[in-house]
Amino acid sequence: MSHAKITNQADVVAHLITSLGFTPTSSLALQLLDEWKLLTSLRVDVAETGVTALWVHQVVSIVERIENVTGVILISFEDEKAMTV
């Protein structure tokens, strides 16, 4: 098992891109945690206008299916840049 030292937001984004194997665009990326351990990284397309509530429900449903999730890091990508952590 490999370990990464993550100390700031830039490290979080860099680790996420490495985990996914590509830089997301127009996406929401999630890192699901069990305490301080990363369980998985996911990427979902940004919702179309008018269907945001359904989209949020679908994303929450995905997260709820994974056992032992105690934390979620959300990162929004627009174009090829991380917008928020």
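Begin by selecting Ser 41, which is located in strand 2; strands (E, at least two residues) and helices (H or I, at least four) are DSSP runs, numbered from the N terminus. The model is a predicted one, in which local features need pLDDT of at least 70 and side-chain atom pairs count only at pLDDT 80 or more, while totals for chains, interfaces and linings use all residues. Residues are numbered from 1 along each chain as its sequence is written, and side-chain values use heavy atoms, with hydrogens and water left out.

**Ser 41 and Gln 31**

With a relative accessible area of 16%, Ser 41 is buried; buried denotes under 20% relative accessible area, exposed over 50%, and partly exposed the range in between (1.4 Å probe, protein chains only). Display the residues in contact with Ser 41, contact being heavy atoms within 4.5 Å. Neighbours within four places in sequence aside, these are Leu 16, Ser 19, Leu 20, Leu 30 and Gln 31.

Next, select Gln 31, a residue of strand 1. Gln 31 has 3% relative accessibility and therefore counts as buried. Its side chain makes a polar contact of 3.4 Å with the side chain of Ser 41. A polar contact is a pair of N or O atoms within 3.5 Å; within protein, one must be able to donate a hydrogen and the other to accept it, and residues adjacent in sequence count only if both atoms are side-chain atoms. Outside the four nearest places in sequence, the contacts of Gln 31 include Val 12, His 15 and Leu 16, as well as Gly 71, Val 72 and Ile 73.

**The strands**

Now select strand 1 (27-34). Seven of its eight residues are buried. Strand 1 pairs with strand 2 in the antiparallel sense over eight bridges, and with strand 3 in the antiparallel sense over seven; pairing requires that DSSP find at least two bridges between two strands.

To follow the first pairing, pick Leu 33, whose bridge partner in strand 2 is Leu 38. The two strands form a hairpin with two residues between them, and in the turn Glu 35 has a positive phi of about 60 degrees. For the second pairing, pick Leu 28, whose bridge partner in strand 3 is Ser 76.

Remain on strand 3 and select Phe 77. Phe 77 counts as buried at 2% relative accessibility. Add Pro 24: the C-alpha atoms of Phe 77 and Pro 24 are separated by 6.4 Å, although the residues are 53 apart along the chain.

**The salt bridge**

Return to strand 2 and select Arg 43, which stands opposite Ala 29. Arg 43 forms a salt bridge with Asp 45, with 2.6 Å between the closest N and O atoms. The structure holds one salt bridge, defined as a side-chain nitrogen of Lys or Arg within 4 Å of a carboxyl oxygen of Asp or Glu. Arg 43 is partly exposed, its relative accessible area being 31%.

**Helix 1**

Select residues 9-20, which make up helix 1. Its twelve residues reach 17 Å from the first C-alpha to the last, close to the 16 Å expected at 1.5 Å a residue; the expected span is 1.5 Å times one less than the number of residues. Colour Val 12, Val 13, Leu 16 and Leu 20, which are buried. These residues cover an arc of only 95 degrees around the axis, which puts them on the same side of helix 1; the arc is that of the directions from the helix axis to the C-beta atoms. The face turned away from the buried side carries the exposed residues Ala 10 and Thr 18.

At the start of helix 1, a side-chain oxygen of Asn 8 comes to within 3.1 Å of the backbone nitrogen of Ala 10. Just after helix 1, Gly 21 takes a positive phi of about 90 degrees.

**Helix 2**

Finish with residues 52-64, helix 2, whose 13 residues reach 18 Å from first C-alpha to last, close to the 18 Å expected. Its buried residues are Trp 55, Val 59 and Val 63. Viewed down the axis of helix 2, the buried residues fall within an arc of 75 degrees, so they line one face of the helix. An α-helix has 3.6 residues a turn, so residues three or four places apart point the same way. Ala 53, His 57 and Glu 64 are exposed on the other side of helix 2.

Lastly, show what covers the buried residues of helix 2: strand 1, strand 2 (37-45) and strand 3 (71-78) are included.
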